[in-house]
Amino acid sequence: MRAAIRALSRQIGHVLTAMHYVIPSSHYAILSLFFFAGLEVILALHRWIFVVIAVVLAITILGVILIRTEEEGAFHPAQAILPAFAAIGLTAFSLFVPANFWIHLYFAGSAVVFFYLLKHGAKQAYPTWNWLISLIVLYVNMAALLGWRFSLYAPVVIILGTALGVISLITLQSLMRYTRRLSEAWLIALAIAFVLTEVVWVLQFLPFHFFIQAGIVTALYYVIFQLAAVSYEKQLHRRDFIEYIVVGIIALLMLLFTARWV
């Protein structure tokens, strides 16, 4: 009997250890659950939707800053950029998701992305997580921004200025893993952002749905950023250019063949 109890205790210990690794009893899970609840409240309160959005985003971003304080320097201030844009982009993009059963799955997925962003993607030690989640965050931010232009006919100047700021900051926080100086990261980030902002401007003259426009910008960002990152790890060869350009072309062709023309 005692042997069975000890075996059961060991199994419970292993399960608790695995659960602590996946969902630690820390502020990561708490802030992610709050973000999920905030999205649900935004869906329910249509009358005060913009006030609720502002409150949810303010508390979420404040929570990110408090996480940086509690970790005593392990969380670099620049790494608060991606969690903040994740909260803003995922919330803004939810306004374009149909208000049915699927939107609750979107909220749950957003909370999971936000959790793993805080746990892995916002730290210097996990560049792969950062790169993957940065693509998601860039897409939802660009889709929401271009959707604002598409739905409310927002001025192009505002759209381009906001796009420049969003792309440059998201690129900056990723590049700081590779560059030695902040000024160097800023220079490259602004160059990439300027090129992609020009692409956003050109796309305004093409009859593509804003989901497709955001996908095109994200695909080009992937190619340009990966080439810039690889250049810090080794000397670029023709094979590297061909590899990433081919991936970008395939992504663009898939987007164009499935594009919704408006």
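**A serine pair, a pocket and a helical chain**

Student: Which side chain is joined to that of Ser 174 by a polar contact of 3.4 Å?

Tutor: That of Ser 134. Keep in mind that this is a predicted model.

Student: What other side chain makes a polar contact with the side chain of Ser 174?

Tutor: The side chain of Gln 173, at 2.7 Å.

Student: Where does Ser 174 sit in the fold?

Tutor: In helix α7, which covers residues 156-175.

Student: Is Ser 174 buried or exposed?

Tutor: Buried. Its relative accessible area is 2%.

Student: Why does 2% put Ser 174 in that class?

Tutor: Because buried means under 20% relative accessible area, and Ser 174 has 2%.

Student: Leave out residues up to four places away in sequence. What does Ser 174 touch then?

Tutor: Asn 130, Ser 134, Tyr 221 and Phe 225. Ser 134 is also the polar partner at 3.4 Å.

Student: Let's zoom out. How many helices and strands does the chain have?

Tutor: 10 helices and zero strands. From the N terminus on, the elements run α-α-α-α-α-α-α-α-α-α.

Student: What share of the residues is buried?

Tutor: 44% of the 262 residues in the chain.

Student: And how much area does the chain expose?

Tutor: About 14,500 Å². Carbon and sulfur atoms supply 74% of that area.

Student: What about contacts across the sequence? Take those with a separation of 6 or more. What share comes from residues 24 or more positions apart?

Tutor: 72% of them.

Student: Got a single pair with a wide sequence gap? How far apart are Leu 117 and Pro 83?

Tutor: They are 34 residues apart in sequence. In space their C-alpha atoms are 6.8 Å apart. Leu 117 belongs to helix α5, residues 101-121.

Student: Leu 117: buried or exposed?

Tutor: Buried, with 0% relative accessibility.

Student: Now α6. Where in space is Ile 133 relative to Val 113?

Tutor: The C-alpha to C-alpha distance is 7.5 Å, for a gap of 20 residues in sequence. Ile 133 is the one in helix α6. Ile 133 is buried too, at 4% relative accessible area.

Student: New topic, pockets. How much space lies in the largest pocket?

Tutor: About 390 Å³.

Student: Which residues lie nearest its centre?

Tutor: Phe 50, Ala 92, Leu 95, Phe 96 and Trp 148. They are part of a lining of 14 residues.

Student: Which helices each supply at least two of the lining residues?

Tutor: α3 (49-70), α4 (81-94) and α6 (127-152). The largest share, six residues, comes from α6. Ile 133 is in that helix as well.

Student: How does the lining divide into nonpolar, polar and charged?

Tutor: 11 nonpolar, three polar and no charged.

Student: One last residue. Where is Gln 213, and what is it in contact with beyond four places in sequence?

Tutor: Gln 213 is in helix α9, residues 210-233. Its contacts are Leu 146, Leu 203, Gln 204, Leu 206 and Phe 208.

Student: It's a glutamine. Is Gln 213 buried or exposed?

Tutor: Buried. The relative accessibility of Gln 213 is 6%, and the limit for buried is under 20%.

How values were computed:
Residues numbered from 1 in each chain as written. Predicted model: local features only at pLDDT ≥ 70, side-chain atom pairs only at ≥ 80, totals over all residues. Heavy atoms only, no water. Buried < 20%, exposed > 50% of the residue type's maximum accessible area, 1.4 Å probe, protein only. Contact = heavy atoms within 4.5 Å. Areas by Shrake-Rupley, 256 points an atom, 1.4 Å probe, with all protein chains shown as cover. Polar contact = N/O pair within 3.5 Å; in protein donor to acceptor, adjacent residues only side chain to side chain. 1 Å grid on protein atoms, 1.4 Å probe; cavity = no way out; pocket = protein on both sides within 12 Å on 5 of 7 lines; lining within 4 Å. Points joined across faces, edges and corners; volume = space filled by probe spheres on them. Nonpolar A, V, L, I, M, F, W, Y, C, P; charged D, E, K, R; others polar.
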